[in-house]
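Dear colleague,

I am handing over the structure below, and I would be glad if you could look through it alongside my notes. Please keep the sequence open as you read.

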Amino acid sequence: MSYTKVVPALVRANSDNIKRICLSQGRFRSTVASTKRKEVEGGKEEQQVDECTVVKAVQADLISQTKNNTDAQKQKIAIDFDNTHEAYKSKNNIELLRSLLVFKLCTFDFLVDKNKELMDLSKKVFGKRLFERLMKMTFYGQFVAGEDHNSIKPLIHKNQAFGVGSVLDYSVEEDLTQEEAEKKEMDSCVSEAEKESPGIDHREKKYKAHRQFGDRRGGVISARTYFYADEAKCDNQMETFLNCIKASGGASVDGFSAIKMTALGRPQFLLQFSEVLVKWRRFFNLLAAQQGKSGMHALEQKLELEQLKESLTKLGVGNKDDIENWFTGEKLGLSGTIDLLDWNSLINDRTSISNLLVIPNFETGQLEPLLRKFTVEEEKQMKRMLQRVDVLAKHAVDNGVRLMVDAEQTYFQPAISRLTLEMQRIFNREKPIIFNTYQCYLKEAYDNVSVDVELSRREGWYFGAKLVRGAYMYQERSRAEEIGYEDPINPDYEATNRMYHKCLEFVLEEIDHNRKANVMVASHNEDTVKFTLEKMNEMALSPTENKVYFGQLLGMCDQISFPLGQAGFPVYKYVPYGPVNEVIPYLSRRALENRGFMKGSQRERSLLWKELKRRLLNGQILYKPVY
């Protein structure tokens, strides 16, 4: 195999001129990276990853203009999360009573554990029409906006009138049995080569499909799961995403829409590409250790170029001339050192996407394919996934909508993040369109955020991030323990809180530095929102600059969303929609998630009761929102 470059990459447009997301050929010298790592002390340990934690009202002193304007007048904005009048002024009394009923039901273990069975029984007893009416009066009405694009418009417009935007999400899911889900996963994650000769290829167990974890819904309560059926199904799911993008563009200014990579193609490619990316990064860490630079932050590991060339020659990865060619031209190595971003830029275009899946074999001194062979159909499937991603990104640009790529399991995530990064390099040149999602319950979250921010800084595009705590903790831990690899999750909730605040502070510092980074603080945790407001105040970062966004789920933590929105902060509700009978799996997860934080805190219910009592005492029995 030719050693013209170290890391192969995705192919550029083929003869039919279809543009795909490709790994850039550009190479860039290191600049001084921001490596501030101020630890944030957390509060009490909570039972649930994201919940409504009790905090006092926040006094946020903000600058109404950018800090470069010397005449800026300081504007004091008090965000009072105990002000029920502001929090619930968009809801009538029936809606408040519905919230109280739903949240109370979510505290009963029997109802929550058997919610799917109880809904199925109710459908049989009451019939489809009455069942749907009951659902719209309770769980569906609380957590779902409507059945289609037209029926959700009134709620979107009402929320917008009270300062809250929307992230549209068509929440219809397949209602598969566990056996059906496992079969689909094994069929779509195992290549033909592996089926013919299992165990021969150089695969790691973390990045291989395992039947006992084939149903990726297990232990997941807050994320939708897609299973691959065929290419036609992926095309249909792309069309659904396109409709969401169009609806977001038509419903509001600067809206968001969310997509999942596993909905757009065969997950086999994500598994394999993830494994290759991880192995090449591991190779870089090995070379760093040889130069006495292990244990350092990713961007602090700067390898001496001449020593690196000697190490690669000794390892037999290439002959001296080949290695010399890798590090010449286009500014690479001019500083005399190579860091992780320089290493990642050692790429080239190839005519076959499957050729990117190569890894170093130190025993033979060769670059070897991860799999012995790919079928023609597998090659086409990989290309189609990239084409679908490209179509969605272009439609987001055309409709003025920002596209959030949801995070998924750690065995898919390296590939998802890399593909999202390539979209950002193409589409975020003039403004932030593509947002990557970072799960802060991961031990490597800070490294991932800081490396990507530094790349955006060097290349001059707008960094966009959504920070979440994470949705797959129980599943990830169980899989790591049973299959036998390191647990990727932080040891406890407190460590996750510190990681979230550390990542958030790093991005806020980058915003303060050049105003080209953007972040969505997607959290139901008031402490995290309070932390963000305090940092914005310190940095004189005005909410009107639209650099920091806040996000919560529809039907949850309105006492956070609406006071923020009415104070001028960009805040969004994640708005699910779809026919009643087809969003049952989503409603089932909402019940499970609400049990967690409703048992841990009575806060939201107490605020709802407080507002109801206030209205009754003031004679507002027939209160109607005015907007």
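What follows is a short account of what was found, going from the whole chain to its cores, then to a pair of helices, and finally to a single residue.

Please bear in mind throughout that this is a predicted model. The secondary structure of the protein chain comes to 22 helices and 16 strands, and of its 627 residues 60% are buried. If one takes the contacts in the chain with a separation of 6 or more, 79% of them are between residues 24 or more positions apart.

The largest nonpolar core has 62 residues, and the members that touch the most other members are Leu312, Trp343, Leu467, Val548, Phe550 and Leu564. The element that gives the most to this core is helix α18, residues 493–514, which supplies 8 residues. Apart from this core lies another, of 38 residues, which includes Met261, Leu277, Val405 and Met423.

Leucine 564 deserves a separate word. Once its neighbours within four places in sequence are left aside, leucine 564 is in contact with Ile79 and Phe81, with Val529 and Leu533, and with Phe550, Phe569 and Val571.

Leu564 also appears in the packing of two helices, to which I turn next. Helix α19 (residues 526–538) and helix α20 (residues 558–566) pack with their axes 11 Å apart and at an angle of about 25°; since angles under 35 degrees count as roughly parallel, the two helices are therefore described as roughly parallel to each other. The crossing in which α19 passes α20 is left-handed. On the α19 side the contact is made by Glu526, Val529 and Leu533, and on the α20 side by Gln559, Ile560 and Leu564. Sorted by class, this contact has 4 nonpolar residues, together with 1 polar and 1 charged.

The last item is valine 401, which is placed in the loop between α14 (376–398) and β11 (402–405). Is this residue buried or exposed? Valine 401 has a relative accessibility of 0%, and because buried means under 20%, it counts as buried. Not counting residues up to four places away in sequence, valine 401 touches Ile245, Ser248, Gly249, Gly255, Phe256, Ser257, Ala396 and Ile433. For one of these, isoleucine 245, the separation from valine 401 is 156 residues in sequence, while the C-alpha to C-alpha distance is 6.6 Å.

With best regards

Note on methods. Residues are numbered from 1 along each chain as its sequence is written. This is a predicted model: local features need pLDDT of at least 70, side-chain atom pairs count only at pLDDT 80 or more; totals for chains, interfaces and linings use all residues. Side-chain values use heavy atoms; hydrogens and water are left out. Helices (H or I, at least four residues) and strands (E, at least two) are DSSP runs, numbered from the N terminus. Buried means under 20% relative accessible area, exposed over 50%, partly exposed in between (1.4 Å probe, protein chains only). Contact means heavy atoms within 4.5 Å. A nonpolar core is a set of buried Ala, Val, Leu, Ile, Met, Phe, Trp, Tyr and Cys residues joined through side-chain atoms within 4.5 Å. Axes are lines fitted to C-alpha atoms, for helices over the stretch in contact, and angles run from 0 to 180 degrees between N-to-C directions. Angles under 35 degrees count as roughly parallel, over 145 as roughly antiparallel, 65 to 115 as roughly perpendicular and the rest as oblique. A crossing is left-handed if the near helix is turned anticlockwise from the far one by less than a right angle, and right-handed if clockwise. Ala, Val, Leu, Ile, Met, Phe, Trp, Tyr, Cys and Pro count as nonpolar, Asp, Glu, Lys and Arg as charged, and the others, Gly among them, as polar.
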